[in-house]
Amino acid sequence: MTKTCAELFQGMECTIIGDGSEEVAGLAFRSDAVCSGDMFFCIVGNVVDGHSFAQDAIDRGATSLVAERKVYLADATDVTEVVVADSRKAMAGAAAAFYDHPSEGFSLVGITGTNGKTTTTYLVEHIAEVAGNRCGVIGTVGNKIAGIVEKSDHTTPESPDLQKLFARMRDAGCTVVTMEVSSHALDLKRTWGTDFAVTAFTNLTQDHLDYHHTFDDYFEAKALLFSAAYPARRVINIDGAWGRELLRRCTEAGDEVITTGFDTTAQIHPLEVAFEATRTVATLEVRGARVEVIYPLVGRFNLENVMTAFGCALSLGIPTDVIVRALATMPPVPGRLEQVPAPAGAPVTVYVDYAHTPDALAKAIASIQALSAGRTIVVFGCGGNRDASKRPIMGQAALAADLAVVTSDNPRHEDPRAIIDDILAGMEGAEGFIVEPDRRAAIAAAIAAAEPGDAILLAGKGHEDYQLVGDEVLAFDDRQVAAEELIRAFGETEND
């Protein structure tokens with residue numbers, strides 16, 4: 001598959017220097033990934049400037065460049081240059097054109113928010129499948145094409161990778177695709193040129209302020225998905241002030257909106273709820289009608305996710321009775337309040353959850369407390385080289401548990417002990433916590449401290465099967481480690 005430079009930039013403001021009929025065989029934004037005949041995009045990043053790698057890209061076989069300024073090359077008079085105002089935006093638009101605008105070939109549901117994106121994408125996928133659709137999923141846990149799972153490096157891939165993935169989903173016959181849309185991706189224009197059928201907002205709480213710096217900037221990045229740049233039907237959780245502001249903007253713009261939340265003014269809200277150990281039974285008001293739902297997910301925050309998914313499904317035209325039937329058979333979401341298999345007769349229950357923000361941790365602890373008659377023990381840490389301002393707030397949130405075990409998460413290139421010290425700043429003067437920097441030892445300590453009837457929450461890593469320490473990627477899965485430590489404490493699992 002090839003396209004000409006002129007075809008890729010049709011309708012975009014640009015200046016083509018050279019041969020506009022130059023055939024483009026592929027798109028690249030890393031010079032070390034360039035193949036012969038590729039177009040290389042000079043992306044200005046936070047650390048390096050892609051314009052500095054233009055010559056390397058040409059030497060590796062690139063025949064055209066996209067840049068924000070004229071690039072002077074050693075000896076490449078036959079190289080076509082496309083000068084644009086924003087190389088990231090141009091790359092996203094060109095990528096969509098290169099793959100023949102694949103998002104037009106299915107109904108795309110984009111879900112953004114600090115917490116709940118993964119579970120909501122999985123819920124929408126399952127509902128859509130029960131309704132007879134072939135589905136794709138893009139997100140943190142991985143990508144799925146018609147049920148086949150692939151690993152992913154980013155919540156939302158870079159635009160050439162994203163459009164290529166969309167094209168594969170289109171070609172595989174997917175009719176509904178659900179994707180997590182991160183604030184980074186929106187700010188970096190990875191989704192520019194993508195057609196959404198539905199965009200949904202879950203919530204906004206503290207995270208990623210190392211990148212966005214202020215809450216207002218963080219919100220405005222999320223809000224881009226609800227702007228005129230991405231026309232779609234909207235689903236908005238209005239329990240928080242940020243959701244209500246989005247609703248105001250979308251209403252003013254004349255968008256079609258379904259509101260969700262515990263707020264009784266929401267079009268989808270709960271009337272009665274019973275949170276049980278392995279399921280939730282709820283009566284929802286759905287646009288004026290009473291709807292009974294039973295689904296095998298637990299916790300208050302999962303009810304928020306279910307209501308958002310319900311709104312997305314309605315926006316896709318899926319009937320209420322199909323949605324209710326699908327929710328009843330919802331499979332577990334990897335690493336989202338996932339129960340670890342325990343030996344028969346083990347007196348404690350262990351859950352693994354991806355909660356890595358203060359709000360998510362507080363909600364996960366509250367959900368465990370509602371499910372357990374005993375005490376709640378939480379094991380948690382904070383990631384290195386990420387928003388450090390949330391660390392003491394995470395520590396404070398963890399004090400809601402009866403016992404907190406502070407440990408390492410993914411320290412990356414920071415000193416694990418220094419990260420822990422930042423967390424402990426929010427726990428100063430409190431009791432009911434211990435420190436164990438080694439994560440396996442921390443999990444073992446939590447199990448050893450548990451009494452019959454207690455519940456343990458392993459927070460922060462969820463589905464991850466690795467731990468990032470310096471430049472190393474170490475094998476580490478909270479679910480596997482917890483299962484091993486439960487066997488060590490109580491004998492073989494009930495499945496063995």
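**View A. A lysine sits over a tyrosine ring.** In this predicted model, Lys461 lies over the face of Tyr466, 5.3 Å from the centre of the ring. Look for a similar arrangement at Trp192: here Lys89 lies over the ring face, at 4.2 Å from the ring centre.

**View B. Gln467 and its surroundings.** Find Gln467 in strand 25, which covers residues 466-469. Is Gln467 buried or exposed? Its relative accessibility is 10%, and under 20% counts as buried, so Gln467 is buried. A polar atom of the Gln467 side chain lies 2.7 Å from the backbone oxygen of Asp409. Leaving aside neighbours within four places in sequence, Gln467 touches several other residues, among them Ser408, Asn410, Pro411 and Arg439. Lys461, the residue over the Tyr466 ring, is also in contact with Gln467.

**View C. Aromatic rings meet edge to face.** How many aromatic pairs does the count come to? The count comes to eight aromatic pairs. One of them joins Phe201 and Phe226 in an edge-to-face arrangement, with 6.4 Å from centre to centre and 85° between the planes. This pair links distant parts of the chain, as the two residues are 25 residues apart. Phe201 belongs to strand 13 (residues 198-201), while Phe226 is in the loop between helix 8 (215-223) and strand 14 (233-237). Both Phe201 and Phe226 are buried. Elsewhere, you can pick out one aromatic cluster formed by Phe215, Tyr218, Phe219 and Trp242.

**View D. Six strands form an open sheet.** Follow the strands across this sheet in the order 19-20-24-21-22-23, and you will meet mixed pairing. Which strands are at the edges? They are strand 19 (338-339) and strand 23 (433-435), and each pairs on one side only. Helix 14 (residues 416-424) packs on the sheet, where this helix touches strand 21 (376-380), strand 22 (403-406) and strand 23. The direction of helix 14 makes about 165° with that of strand 23. At the other edge, strand 19 pairs with strand 20 (residues 349-353) in the antiparallel sense, over two bridges. To see this pairing residue by residue, start at Glu338: its bridge partner in strand 20 is Val352.

**View E. Five strands form another open sheet.** The order here is 2-7-6-5-4, again with mixed pairing. Strand 2 (15-17) and strand 4 (26-28) each have a single partner strand, so one side of each is left without a neighbour in the sheet. On average, neighbouring strands of this sheet are turned by 20° against each other, direction ignored. Within the sheet, strand 5 (residues 38-41) and strand 6 (residues 64-67) pair in the parallel sense over three bridges. Met39 is a handy place to look: its bridge partner in strand 6 is Ser64. In general, strands of a sheet pair through backbone hydrogen bonds, either parallel or antiparallel.

**View F. Val293 is a buried residue in strand 18.** Strand 18 spans residues 289-295, and Val293 is part of this strand. Why does Val293 count as buried? Its relative accessible area is 1%, and the cut-off for buried is under 20%, so Val293 qualifies. Apart from neighbours within four places in sequence, Val293 is in contact with Thr280, Val281, Ala282, Leu284, Phe310, Val324 and Leu327. For a sense of scale, compare Glu13: Val293 and Glu13 are 280 residues apart in sequence, and their C-alpha atoms are 50 Å apart in space.

Note on methods
Residues numbered from 1 in each chain as written. Predicted model: local features only at pLDDT ≥ 70, side-chain atom pairs only at ≥ 80, totals over all residues. Heavy atoms only, no water. Pairing = 2+ DSSP bridges. Helix = DSSP H or I, 4+ residues; strand = E, 2+ residues; numbered from the N terminus. Contact = heavy atoms within 4.5 Å. Axes fitted to C-alpha atoms, helices over the stretch in contact; angles between N-to-C directions. Buried < 20%, exposed > 50% of the residue type's maximum accessible area, 1.4 Å probe, protein only. Polar contact = N/O pair within 3.5 Å; in protein donor to acceptor, adjacent residues only side chain to side chain. Phe/Tyr/Trp six-rings, centres within 6.5 Å; stacked < 30°, edge-to-face > 60°. Lys NZ or Arg CZ within 6 Å of the ring centre and 35° of its normal.
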